[in-house]
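Please walk me through this protein chain, as one would for a first-year student. I would like questions with reasoned answers.

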Amino acid sequence: MNNSLERLYEGMAASLSERILPHIQDDFARGQAYGLVYLLRCLNQRTGWAGAYLEPQWEALRDVADEMAPLLADVQEAPQLAMPDASALPLDACCAQARTTLCELYDWAERNASLLAPERLGAIRRAWQRYIERDLKLELSLRERLPYSEMSTGHPASTSLESSP
C-alpha cells in the first residue's frame, strides 16, 4: 500500500499526540514532543506534493511572469523569460525554476534601470511587489499554530492540538 506524504505526516503527528505524549512524564521531553508535532504539521504543508502550497505558488509565479514579459519583450539586453512547462516537470521543480528565472529577471531590471523607461521600471516593481505580497500571504495562510505553551510547559493547552484553520 502506498500512502500519500500528507497521510504519513498526519499519522506521525497523531501518533505522537495520542499515543506517546500522554505517557511522557518529563516536562522537557513533553515540550520536545509538542515541538515535533508542530514540525510535522508544518512539513506536511510545505514538502513533497502538497498541492495547497504548490498550486497557488505556481499561479502567482505565472501571473507575475505574464505581467513582466510584455514590459521587457522589446528590450534587447533583457534576459529571456522562459517559464518551465508544468506538464513536463513536477510542480515543485516548476516553481523553483520559475522563481529563479523571475528573480534573475527582476535583478537584471534593477541593475539596468537606466535602460528602461521610468514607467516600465515602475510597472516591473509594482508587479514584483504584488507577487511578494501574494507569496507572503500564502505562507501566512498555511502556518500552523505554534504550541508555545505546550512546548515550554510540556502540558497541553486548554485547546486541542488540532491544526489551525
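What follows is a conversation between a reader and an author about the structure shown above.

Reader: What kind of model is this, and what pLDDT do local features need?

Author: Residues are numbered from 1 along each chain as its sequence is written, and side-chain values use heavy atoms, with hydrogens and water left out. This is a predicted model, in which totals for chains, interfaces and linings use all residues, side-chain atom pairs count only at pLDDT 80 or more, and local features need a pLDDT of at least 70.

Reader: Which helix gives the largest share of the largest nonpolar core?

Author: A nonpolar core is a set of buried Ala, Val, Leu, Ile, Met, Phe, Trp, Tyr and Cys residues joined through side-chain atoms within 4.5 Å, where buried means under 20% relative accessible area, exposed means over 50%, and partly exposed lies in between (1.4 Å probe, protein chains only). The largest core has 29 residues, of which Met68, Leu72, Leu116 and Ile124 touch the most other members. Helices are DSSP runs of H or I with at least four residues, numbered from the N terminus, and α3 (51–72), α4 (91–111) and α5 (118–141) each supply at least two residues of this core. The largest share, ten residues, comes from α3.

Reader: Which residues does isoleucine 124 touch, not counting residues up to four places away in sequence?

Author: Isoleucine 124 is one of the four residues that touch the most other members of the largest core. With contact taken as heavy atoms within 4.5 Å, and not counting residues up to four places away in sequence, isoleucine 124 touches Met68, Leu71, Leu72, Tyr106, Ala109 and Leu116.

Reader: How many residues are in the other core, which lies apart from the largest one?

Author: Leu5, Tyr9, Ala13 and Leu16 are among the members of this other core. As a general background, nonpolar side chains in soluble globular proteins tend to be buried together. The number of residues in this other core is six.

Reader: How much accessible area do the residues of the nonpolar surface patch have together?

Author: Nonpolar patches join side chains of Val, Leu, Ile, Met, Phe, Trp or Tyr within 5 Å, and patches of like charges are joined within 9 Å, in each case from residues with over 30% relative accessible area and no salt bridge. Leucine 43, a member of the patch, has its place in helix α2 (residues 27–46). Accessible areas come from the Shrake-Rupley method with a 1.4 Å probe, and for residues only the protein chains shown count as cover. Leu36, Leu39 and Leu43 together have about 230 Å².

Reader: How many disulfides are there?

Author: A disulfide is a pair of cysteine sulfur atoms within 2.5 Å. For cysteine 42, which is in helix α2, the nearest cysteine sulfur is that of cysteine 95, 19 Å away. For cysteine 103, the nearest cysteine sulfur, again that of cysteine 95, is 12 Å away. By this rule the count of disulfides is zero.

Reader: Is cysteine 42 buried or exposed?

Author: The relative accessible area of cysteine 42 is 16%, and the limit for a buried residue is under 20%. Cysteine 42 is therefore buried.

Reader: Which residues are linked with Arg134 in a network of salt bridges?

Author: A salt bridge is a side-chain nitrogen of Lys or Arg within 4 Å of a carboxyl oxygen of Asp or Glu, and the structure holds five of them. In one of these, the side chains of arginine 134 and glutamate 59 meet at 3.0 Å, N to O, and the pair links helix α5 with helix α3 across 75 residues of sequence. The residues linked with Arg134 in the network are Glu59 and Asp63.

Reader: How many residues apart are aspartate 74 and arginine 120, which meet in a salt bridge?

Author: The side chains of this pair meet at 2.5 Å, N to O. Aspartate 74 lies in the loop between α3 and α4, whereas arginine 120 lies in helix α5. Aspartate 74 is exposed at 52% relative accessible area, while arginine 120 is partly exposed at 24%. Along the chain, the two are 46 residues apart.

Reader: What distance separates the C-alpha atoms of aspartate 135 and proline 56?

Author: Aspartate 135 lies in helix α5 and counts as partly exposed at 21% relative accessibility. Aspartate 135 and proline 56 are 79 residues apart along the chain, and their C-alpha atoms are separated by 8.6 Å.
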